[in-house]
Amino acid sequence: MENDLHLRNVRYSVQDGESTRRVLDIPELFLPGGTLAGIYGDSGSGKTSLLNLLCGLVLPDVCQGCELRWGKDDLITMPEGRRDAWRGRHVGMIFQDFQLFPHLSALENVLLPATFHHFSIPAELHGRARDLLRRLGIRRIDVPTGVFSRGEQQRVAMARAVLFRPSVLLADEPTASLDRSNAQLVTDELVDLAHSEGCTLLVVTHEQVLHGRMDRRFRLERGRLLSGLDEDLKPK
Amino acid sequence: MNPFLFLRGEFRRSWGGALALALVLAFAGSLSPAVSMMERSIRAGMAQSADAFDLLVGAKGSAVDLVLGAVYLRPEPLELLPAGTLENVKAHGGIRWAAPLAFGDRWRDYPIAGTSSELVTLDGKRPLASGRMFLNTEEAVIGAGVPLNIGDSITPSHGSVAEAVLDEDGKDVHAHAHTFRVVGRMPATGTPWDRAVAVPIEALWNMHEDGVGTGRCSVVVVKPVTVADAYRLRTALNDVDTQAVFSGEVLTRLFGTLEQMHDVMLLLASGAQAAALAAALVSGFFAVAMRVKAMALLRALGASHGFLAVSVWLMVSGIMFAGCALGLGLGSMMASAASMWIQSETGVALTVSLSFEECLMALSAAGCGCVAAFLPAWFACRKTAGELLRSA
Ligand SMILES: Nc1ncnc2c1ncn2[C@@H]1O[C@H](COP(=O)(O)OP(=O)(O)OP(=O)(O)O)[C@@H](O)[C@H]1O
Ligand SMILES: [Mg+2]
């Protein structure tokens, strides 16, 4: 299908001082478009690296027969400029610590990615940004986000991530720095957004509640992707 | 693409630093336009002051002192000419008018010049602004800037302006017994003569009965009929006791010195500006290094290398451009202030104006800055997403 994820023979190594270190090693992965997938694993197991790879911020090691495709879009052969544009259009990113520009307002933060492609932002995108913020319960859209609560900031970040109706949503521990009630709110809205926008969602998280809402669960163990075990996510 | 939204956020975040940097650039960039504007206005003001003084005849000695004394009324000690020089000069012919000049007295700190009516009105070419010409040794005509009215009486004091000494009662210890009545006022000329009190030269001779100079003067101002006459007169009047100089020629020599000073100062000022631009450039690199996290985020959100490069370039060159423009304004203000001070000190009217030359200097400095701003821009966009992520 159009938005299916194909991974084959993907290895990712980093320079660690003198030596190179293998961070990820994934022989095969297929994920149909629209799947909601949760990923967990120990710190340093390569979760963030996997998300960076999937959005084309970094490339896998050069090797024969390796493949990293979203539908027809082959990230490995795509030139860097095209990959940037592709990421801007097709991927929404949500981070643990929100990564907003604190001196820009909520509306400006949401519209910022639009300024990468447009000189003057089309009215239609403006309208969509306002709708998204309203839907996510952000009322003070003209106030610098530096003064927002953490839950509000994460919701602004979510509105920014889905502005262009991406086919892929990547979230790196989106609820880890939120309290219980905000985490619940963000979880609900993330799943809602993924459903209503019809995107593939990959979430790195250790929250059982969030995993419970996913179609599939993966466990990363020193760079190897294994299917998740239910007992890993039971509260201890 | 439109980097201005991103830049707006960055400006809100660090406008203080940006402003400080622009001000440093403005101060450094204000010196060279100020120097260049001052030099031009001093040159024009001095040349204009010398307009009426084509040919000066004085005792042998420094030509520069002669011009400074006669044209700018500086208290230079001038030797007296031999008696009968004025008649001797007039006898050469080819002269429209010739007038004697003698100094040595003052009213308060306004110099008194003993002369004849020809110099006061340039032989009728420059009528008095009000009142009439002095007719006897009790009358005086004042310059436009002397704070007296027609009808006032003044008591001159002996000694040049530099020697004024007041006693405890505020009375001048060198006061003469003689008094003058003001009968006329010259029009404003924008020259040091606006501060002068002109009296008949005979009055000075009377006041100094000790015989200091009866029948003698320090300078004869000559207005030749033609240019050929001027050169002939200069040759003829340069003899054993006297020298004849074109004030314009002496000024050209003075300007030569002024120009050398100007060049040296301009060199120093340009050095300061270059140093400030270099500092701004280094700050540009620091700004990029400080924003690694923000840039990694922009890349993750889909911004291209170009977007980062344009943003950094606009940020750095915008500060440089603003600094240079501010510097031009600041330089104009400094030159105006300095010329106002010089004018009040010397009476030489100076008009400071911004010319194409200074604009070009500021523009080329800003241009260099904008070109140099490509370096941090390149530095920013050269980093791959991976590198940015690692350092973020
Ligand atoms: N660019 C890089 N340079 C050097 N080492 C790197 C780089 N990227 C990742 N690593 C290393 O690879 C390993 C995996 O990192 P990654 O950030 O993917 O882990 P993670 O699973 O997200 O950990 P955490 O739960 O702490 O966020 C770590 O040991 C990390 O130090
Ligand atoms: Mg991580």
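**Notebook: strands of chain A**

I began with the open sheet of chain A in this predicted model, where four strands lie in the order β2-β1-β4-β5 and the pairing is antiparallel. I then looked up the edges and found β2 (19–31) and β5 (73–74) of chain A there, each with a single partner strand, so one side of each is left without a neighbour in the sheet. As a reminder to myself, strands of a sheet pair through backbone hydrogen bonds, either parallel or antiparallel.

Next I followed one pairing inside this sheet, that of strand β1 (residues 5–16) with strand β4 (residues 67–70) of chain A, and noted that four bridges join these antiparallel strands. Across this pairing, I found A:Leu7 opposite A:Leu68 in β4(A).

I turned after that to strand β3 (residues 36–41) of chain A and asked which residues point each way from β3(A). I wrote down A:Leu36, A:Gly38 and A:Tyr40 for one way and A:Ala37, A:Ile39 and A:Gly41 for the other, and all of them are buried. Since buried here means under 20% relative accessible area, and six of the six residues of β3 in chain A are buried, I conclude that this strand is largely enclosed by the rest of the structure.

Finally I looked up the partners of β3(A). It runs parallel to strand β8 (residues 200–204) of chain A, to which four bridges join it, and I found A:Leu36 opposite A:Leu201 in β8(A). With strand β9 (residues 216–221) of chain A, β3(A) pairs in the parallel sense over five bridges, and there A:Ala37 stands opposite A:Arg216 in β9(A).

Definitions and conventions:
Residues numbered from 1 in each chain as written. Chains lettered and ligands numbered in written order. Predicted model: local features only at pLDDT ≥ 70, side-chain atom pairs only at ≥ 80, totals over all residues. Heavy atoms only, no water. Buried < 20%, exposed > 50% of the residue type's maximum accessible area, 1.4 Å probe, protein only. Helix = DSSP H or I, 4+ residues; strand = E, 2+ residues; numbered from the N terminus. Pairing = 2+ DSSP bridges.
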